[in-house]
Amino acid sequence: LHELYRTDRLQVNSWHHQSIHKVARTLKVTAVGDDGIIEGVESEAHRFVVGVQWHPERMQDDRRQQNLFRALLAEARR
């Protein structure tokens, strides 16, 4: 996520009624909200496994959110 967004802080639209409590051993927490809720996870064991708990598809006004979708498409093409 850091490579995709090129920042240490990112504003996201986070509306949770459920959230990640325990992360699988194969995943690493890579984004946490100010409220302590895990917002992003990634796999170090696989080339492209990224999970986010915000809704980048609903943030069309923030062009940086497209970075996640571009990366997914690029990885699918490989």
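Which residues make up the largest nonpolar core? Eight residues do: Leu1, Leu4, Tyr5, Ala31, Trp54, Met59, Leu68 and Ala71. This is a predicted model, where local features need pLDDT of at least 70, side-chain atom pairs count only at pLDDT 80 or more, and totals for chains, interfaces and linings use all residues. Residues are numbered from 1 along each chain as its sequence is written, and side-chain values use heavy atoms, with hydrogens and water left out.

**The core**

- A nonpolar core is a set of buried Ala, Val, Leu, Ile, Met, Phe, Trp, Tyr and Cys residues joined through side-chain atoms within 4.5 Å.
- "Buried" means under 20% relative accessible area, "exposed" means over 50%, and "partly exposed" is in between (1.4 Å probe, protein chains only).
- Helices α1 (2–5) and α2 (66–77) each supply at least two residues of the largest nonpolar core.
- Helices (H or I, at least four residues) and strands (E, at least two) are DSSP runs, numbered from the N terminus.
- Leaving aside residues up to four places away in sequence, Ala71 touches Leu4 and Phe48; contact here means heavy atoms within 4.5 Å.

**The strands**

- Strand β1 (residues 27–32) pairs with β2 in the antiparallel sense, over five bridges; two strands pair if DSSP finds at least two bridges between them.
- To find this pairing in the structure, look for Leu27, whose bridge partner in β2 is Ser43.
- Five residues lie between β1 and β2 in their hairpin, and Gly36 in the turn has a positive phi of about 90 degrees.
- On to the next pair: β2 and strand β3 (residues 50–52) are also antiparallel, over three bridges.
- Here Val41 has Gly51 in β3 as its bridge partner, and a hairpin of six residues joins β2 to β3.
- Why is strand β2 described as largely enclosed by the rest of the structure? Six of the six residues of β2 (residues 38–43) are buried, so the description fits.

**Helix α2**

- The twelve residues of α2 should span 16 Å at 1.5 Å a residue, and its end C-alpha atoms are 17 Å apart, which agrees. The expected span is 1.5 Å times one less than the number of residues in the helix.
- Which residues of α2 are buried? They are Leu68, Ala71 and Glu75.
- Seen down the axis of α2, the buried residues fall within an arc of 65 degrees, so they line one face of the helix. The arc is that of the directions from the helix axis to the C-beta atoms.
- A general rule helps here: an α-helix has 3.6 residues a turn, so residues three or four places apart point the same way.
- The buried residues of α2 pack against α1 and β3, while Ala76 and Arg77 are exposed on the other side of α2.
- Ala76 has 64% relative accessibility, so it counts as exposed. Its C-alpha is 9.5 Å from that of Phe48, with the two residues 28 apart in sequence.

**Salt bridges**

- How many salt bridges does a search of the whole structure find? The search finds five, where a salt bridge is a side-chain nitrogen of Lys or Arg within 4 Å of a carboxyl oxygen of Asp or Glu.
- One of them joins Asp34 and Arg9, with the closest N and O atoms 3.2 Å apart. This pair links distant parts of the chain, 25 residues apart: Asp34 is in the loop between β1 and β2, and Arg9 in the loop between α1 and β1.
- Asp34 counts as exposed at 71% relative accessibility, and Arg9 counts as exposed at 60%.
- Another salt bridge brings together the side chains of Lys28 and Glu44 (3.5 Å, N to O). Lys28 lies in strand β1 and Glu44 in the loop between β2 and β3, so the pair ties together parts that are 16 residues apart in sequence.
- Lys28 is partly exposed at 42% relative accessibility, whereas Glu44 is exposed at 66%.
- Arg64 and Asp62 also form a salt bridge, with their closest N and O atoms 3.2 Å apart. Arg64 is partly exposed at 37%, but Asp62 is buried at 17%.
- Arg47, Glu75 and Arg78 are joined into one network by salt bridges that share partners.

**A backbone detail**

- Arg6 sits in the loop between α1 and β1 and is exposed, with 74% relative accessibility.
- The phi of Arg6 is near 55 degrees, a positive value in a residue other than glycine.
- For background, most residues other than glycine have a negative phi.
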